Amino acid sequence: NDHINLVICNLNLGRFYRLSAHINIFHDHKVGKSLKMQKKFYQQSFDSYRKALDILVEKKMKGIDLYEIVLWEYSTAVFNLAREMQDGISVEHSKEDAEREVLDMLMKALQLCDLDTHNSSRQVLYIFRAGLIHQKIASLHHQSLRMLSDEYKRKSFLQLSRLHYEKSAKLLESLKEHKEFLKVQMERIALQEFLAEEASSNQMKIKSFTFAISHFIDSRKIIKSLEEIKSLADADEVLQLLELFEKRIQFVLKSLTKLTSMGKKTNEAENYKKMFAC
């Protein structure tokens, strides 16, 4: 009947199984763990964390620090497995089945991100994690969109991709996570470039490229905030992203200049030309 100790024991078991998924305790050290074996250990980890949470909920101890610790570790375990599964996609099943399984795990990880507990010391970490998860979900839909021919499914995947990219960008921008925010924006712009490439009419191409321009504009605030930072841990990566950002702006503006000059939008073409020259 020592409920706190039972929670701690299950918490430690969760940690043990989570670590076992990545190190060879019971096997030859030369043999790498398969994704299937990792999933088995992670599931045991989840079971232990859930038992700990069930005790805390049943005994009405949700408000104590221990509950926050267990929830964070459970969330971390689910998030880590989702990443492992995404990296190992199509290893065990068909690509479609594997992507569906990864998506389910990412959604579960998202649900475990406690964004509403404003007094939590880990709230910023949860927000950052949620931003990364939304980006990963959006990327999955983005990749699927490129492989689909069914128009109805394409429309659905496009909407989902845009939705999760938008949520990711807002969360990462709120934390001023420059590198991750710029990565998301580059993926959103790549999505619009793909749609422009696939479009059957110039009007649709112009619409897609104009949408891409809006993503460039939405990035101004966080790029401007870089001027206020004296030192940045990942400065080299951010600089590379900014250089790529500039190249994509030039490509989009050049494309819009060509497309608008073909029709009656000569004023727009001239404006895009001036922007490109800057």
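This briefing describes the fold, the cores and two residues of one protein. The model is predicted. The protein has 11 helices and 0 strands, and buried residues make up 43% of its 278 residues. Its largest nonpolar core holds 41 residues, and a second, separate core holds 30 residues.

**Overall layout**

- Read from start to end of the sequence, the pattern is α-α-α-α-α-α-α-α-α-α-α.
- The C-alpha trace spans about 80 × 45 × 40 Å along its principal axes.
- Among contacts with a separation of 6 or more, 66% join residues that are 24 or more positions apart.

**Surface and charge**

- The protein exposes about 16300 Å², and carbon and sulfur atoms supply 53% of that area.
- There are 44 positive and 38 negative side chains.
- The centres of these two sets of charges lie 3 Å apart.

**Helix H3**

- Helix H3 covers residues 65–87, which is 23 residues.
- From its first C-alpha to its last, H3 reaches 33 Å, close to the 33 Å expected at 1.5 Å a residue.
- H3 is mostly covered, with 17 of its 23 residues buried.
- An α-helix has 3.6 residues a turn, so residues three or four places apart point the same way.

**The two nonpolar cores**

- In the largest nonpolar core, of 41 residues, the members that touch the most other members are Phe-46, Val-70 and Ile-133.
- Two or more residues of this core come from each of helix H1 (3–20), helix H2 (35–58), H3, helix H4 (95–111) and helix H5 (123–147).
- H3 gives the most to this core, with 12 residues.
- The second core is separate and has 30 residues, including Tyr-165, Ile-213, Ile-222 and Val-252.

**Ile-133, a member of the largest core**

- Ile-133 is one of the three residues that touch the most other members of the largest core.
- Leaving aside neighbours within four places in sequence, Ile-133 is in contact with Phe-79, Leu-106, Ala-109, Leu-110 and Cys-113.

**Ser-161, a buried residue in helix H6**

- Ser-161 lies in helix H6, which runs over residues 151–174.
- Ser-161 counts as buried because its relative accessibility is 0%, and the cut-off for buried is under 20%.
- Leaving aside neighbours within four places in sequence, Ser-161 is in contact with Ala-138, His-141, His-142 and Leu-191.

Key
Residues numbered from 1 in each chain as written. Predicted model: local features only at pLDDT ≥ 70, side-chain atom pairs only at ≥ 80, totals over all residues. Heavy atoms only, no water. Helix = DSSP H or I, 4+ residues; strand = E, 2+ residues; numbered from the N terminus. Expected span 1.5 Å × (residues − 1). Buried < 20%, exposed > 50% of the residue type's maximum accessible area, 1.4 Å probe, protein only. Core = buried A, V, L, I, M, F, W, Y, C linked by side-chain atoms within 4.5 Å. Contact = heavy atoms within 4.5 Å. Areas by Shrake-Rupley, 256 points an atom, 1.4 Å probe, with all protein chains shown as cover. Lys, Arg positive; Asp, Glu negative; His and termini not counted. Charge placed at Lys NZ, Arg CZ, Asp CG, Glu CD.
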